[in-house]
Structure formats: C-alpha cells, structure tokens
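Work through these exercises with the model open beside you. Each task is followed by a stepwise solution.

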Amino acid sequence: MMRRTLTTLALALAAAVPLPALADWQPVEKIEHYRVSGRSGIELYRSIGENGPKAGVGRAIAFTDFKLLWSRDYRPQADGSCVLAGARPSLTITYRLPKASGDMPEPVRGNWRTFIAGVTAHEKVHGEIIVEMVKAIEATSIGLTAPNDPDCNKVRAELQTRLGALSQEQRRKSREFDRVELSDGGNVHQLVLALVNGG
C-alpha cells in the first residue's frame, strides 16, 4: 500500500513539474589509468608516489576531475523581466587511477585488487559529490527570474553568484571527505597500510 501511494504521489509531482525542470540527464564517467609496477606492496606504493597524478605540491594515489557545460534557456518576458526557463548540464567525470603492470606474486596480487577496489570506491564518492553540486546548480537555475532585465544580465549575474557558493561547497565536502579518509585510521590510510604491509 505504501509503495502504491508513493508511486502515485511521484507521478502527480512529475505531471505538475514543467519538463525542463526534470533531471533526465546522466553524467558520463571515464576512467584513465597511469602505470605503476612492482612485485611487492611497498614497490607498488613507491611507484604510485613516482607516477601518480600531481595534486598540490606532491602526487596523489588517484584523482577525480570533471568537465561541466550548460545549455541554458534565458527568456525575456513581455513585462521586461527575464526568466531562466531551462538549464541542462553536460557533465563528464574522469577518474584517474593506478594500473599495475607486470607479474605479481600472491598475496601481492590479491592485496592490489583490494587496494584498487577501495581507492576506486573512494573516488566514486568524489564523483557523487560533483553530481550533487550539478543537481543543486540545476535546482537553483531553473525558474530564476529578475524584474526589469530585458537583456537577462541581472539573471546571469545572480546565477554566477549562486554558482560560486555551490562550487565552494562542493570543494569543502571533497576536502572534508579526504581529510577523514586519509587521516590515521581512515579508510584510505588502512588500504595503504594493508598494501604496504601485506607482502
């Protein structure tokens, strides 16, 4: 009974929302690899330190980046106002991850698989944070309006102000997530220890 009620409510809401407001887009996700090598956990980790993507002053184990483009529909109104009637994102998320080459003995091979699975899961959370930001941008964009704005310049300026705040929030969430995961005892820290100490 509960499921039927929720489905009916969802259909009613969908019917009430103008088509441009529906989130019918999906991000494109790509994985790029950089090569590492070694026959032990410590050798593999050293290779990551030598070949990993640059991040700040050093190198990272992995890195998530994105490219975001928008198709926006600004509509001047008869009363001189402007409304942003539609905003559709084109989002590509790229995960840069290590890929081991060469032969590895057991248990190193198994430890590496566990390490990569954990690092990939970590980076996917960064991807989710990016998608959350884009959805928030979409929500704050569609329907944004300004009076006495025949050229839609006020709407554009207000949108840029909002985008700056949402972008800063995405960065804050990502930094906080990394701080927890990379700290002593954190998930990524544990993955590194298991790899390095496991053979």
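Two strands pair if DSSP finds at least two bridges between them. Keep in mind that this is a predicted model.

**Exercise 1. Find the bridge partner of P76 in strand 5, then describe the hairpin.**

Step 1. Go to P76. Its bridge partner in strand 5 is C82.

Step 2. Look along the two strands. Strand 4 and strand 5, residues 82–101, pair in the antiparallel sense. Their pairing runs over 14 bridges.

Step 3. Inspect the turn. Five residues lie between the strands of this hairpin. There, G80 takes a positive phi near 95°.

**Exercise 2. Place C152 and decide: buried or exposed?**

Step 1. Locate C152. This residue is in the loop between strand 6 (145–146) and helix 4.

Step 2. Apply the cut-off. Buried means under 20% relative accessible area. C152 has 3% relative accessibility, so C152 counts as buried.

Step 3. List what C152 touches, leaving aside its neighbours within four places in sequence. The contacts are Y74, R75, P76 and C82. P76 and C82 are the bridge partners from Exercise 1.

Step 4. Check the separation of C152 and V83. They are 69 residues apart in sequence. From C-alpha to C-alpha, the gap in space is 7.6 Å.

**Exercise 3. Identify the residues with the most contacts inside the largest nonpolar core.**

Step 1. Take the core as a whole. The largest nonpolar core has 36 residues. L44, W112 and F115 have the most contacts inside it.

Step 2. Assign the core to elements. Strand 1 (28–37), helix 2, strand 5, helix 3, helix 4 and helix 5 each give two or more residues. Helix 3 supplies the largest share of this core, 10 residues.

Step 3. Zoom in on W112. Neighbours within four places in sequence are left aside. W112 is then in contact with V36, L44, I48, P98, K99, A100, M104 and L195.

**Exercise 4. Describe the largest pocket: how much space lies in it, and which residues are closest to its centre?**

Step 1. Start with volume. The largest pocket holds about 770 Å³ of space.

Step 2. Turn to the lining. It has 33 residues, and F63, T64, H126, S174 and D178 are the closest to the pocket's centre.

Step 3. Sort the lining by chemistry. The split is 18 nonpolar, eight polar and seven charged.

Step 4. Trace the sources. Helix 2 (41–51), strand 4 (63–76), helix 3 (108–141), helix 4 (153–182) and helix 5 (187–197) each supply at least two lining residues. Helix 4 gives the largest share, eight residues.

Technical notes: Residues numbered from 1 in each chain as written. Predicted model: local features only at pLDDT ≥ 70, side-chain atom pairs only at ≥ 80, totals over all residues. Heavy atoms only, no water. 1 Å grid on protein atoms, 1.4 Å probe; cavity = no way out; pocket = protein on both sides within 12 Å on 5 of 7 lines; lining within 4 Å. Points joined across faces, edges and corners; volume = space filled by probe spheres on them. Helix = DSSP H or I, 4+ residues; strand = E, 2+ residues; numbered from the N terminus. Nonpolar A, V, L, I, M, F, W, Y, C, P; charged D, E, K, R; others polar. Core = buried A, V, L, I, M, F, W, Y, C linked by side-chain atoms within 4.5 Å. Buried < 20%, exposed > 50% of the residue type's maximum accessible area, 1.4 Å probe, protein only. Contact = heavy atoms within 4.5 Å.
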